[in-house]
Amino acid sequence: MRTVVYVSNADSREISVLLLDSTGVLIPVGSVPVDGTVMPLAISPDRRFLYAGLRSEPFSVSAFAIEPVSGQLAALSTTPLPDNMAYLATDRSGRFLFSASYSGNKIAVNPISGNGAVGAQPVSVIGTAPHAHSIVTDPSNQHVFAAVLGGDHLLQYRFDAMSGMLTPHRPAAVGTELGAGPRHIVFHPSGRVAFVTNELDGTVGSYLFDPVTGTLTPVSSTSVLPEGFSGSPWTSDVHVTPDGRYLYVSERTSDTLAGFRVDGMPGALELLGHTPTESQPRGFAIDPHGRFLVAAGQKSNAITSYAIDPDTGALTALHRVPVGRNPNWVVIIDLPIA
């Protein structure tokens, strides 16, 4: 099985393609040019397609076919999106593309055809409070949640996986602390807990998920800031290891990765420590086997791989390579070898 890493580089307008070997070494394969400021990336559930959001006008999404042996990308199509979208995700079937617009204050759903192309006519475009920042489905693909930074809340919807339509739950939103600024959402592999990074107060929130009502209940809020931190928090990405034991959060002001041990129910977090990383780590990802973490630095124009200790969750830096300018999004997949 070959593992491939994709990194979007906003300022050089390219996607870096690298292999991640069994020792954590990063091997550059190539670079794919795109026609805009490329930022959010999403992978189809069957790992056949990659979607790249272009945040310069005309705002759009480019679809690429993933070559199943090498991991190289072949351009398929570029489709307009309703606005400048800061986040992309597919539903669990790969039939719909979700997007969230930070500057446009909206979320949207677009259809995806069988050949991987995104349809130009949205199924739905929904206005939000200021700065919608991410949108994801729960593991059952029946519910959708959107983090709205300026509204200090998470929107909650029922998702019709046949039509792509979103229907607000009751309540339609669950609040965060005032001024927290919710940013990214990730579900624990158990499907019963969700974690949310709060960009503005430097915390990660834990929420219990009720699969019957499709709603979230706040449990706790935990600081991701290192001891002695000064300045303004700028928390960014969050990911959980596939076995659900560890959670990591990137923080851009301190250039650190915070690690936590997870109690799957009720989602309590125990701080393991902070690892210095690339400068301004906007995005990172964990490989599908939970062995390695790869972080990108927007200011360093480089990525570093880390070994994840299975017993302690500690991160050990392994290999660093340069990529394009302003790397900001990382995804890692095992290639679906044909």
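**A guided tour of selected strands and rings**

Begin by selecting valine 61, which stands opposite threonine 79 in S7. Residues are numbered from 1 along each chain as its sequence is written. The model is predicted: local features need pLDDT of at least 70, side-chain atom pairs count only at pLDDT 80 or more, and totals for chains, interfaces and linings use all residues, while side-chain values use heavy atoms and leave out hydrogens and water.

Next, select strand S6 (residues 60-66), which is joined to S7 by seven bridges and runs antiparallel to S7. Strands are DSSP runs (E, at least two residues), numbered from the N terminus, and two strands pair if DSSP finds at least two bridges between them.

Widen the selection to the open sheet of four strands, S4-S5-S6-S7, paired antiparallel. Strands S4 (38-43) and S7 (73-80) are at the edges with a single partner strand each, so one side of each has no neighbour in the sheet.

Now select phenylalanine 96, phenylalanine 98 and phenylalanine 159, which form one aromatic cluster. Rings of Phe, Tyr and Trp (its six-membered ring) pair if their centres lie within 6.5 Å; planes under 30 degrees apart are stacked, over 60 edge-to-face, and the rest tilted. By this rule there are six aromatic pairs. The ring centres of phenylalanine 96 and phenylalanine 159 are 6.0 Å apart and the planes are at 90°, so this pair is edge-to-face. Phenylalanine 96 and phenylalanine 159 are both buried, that is, under 20% relative accessible area (exposed is over 50%, partly exposed in between; 1.4 Å probe, protein chains only).

Finally, select serine 236 in strand S20 (residues 235-240). Serine 236 is buried, with a relative accessible area of 0%.
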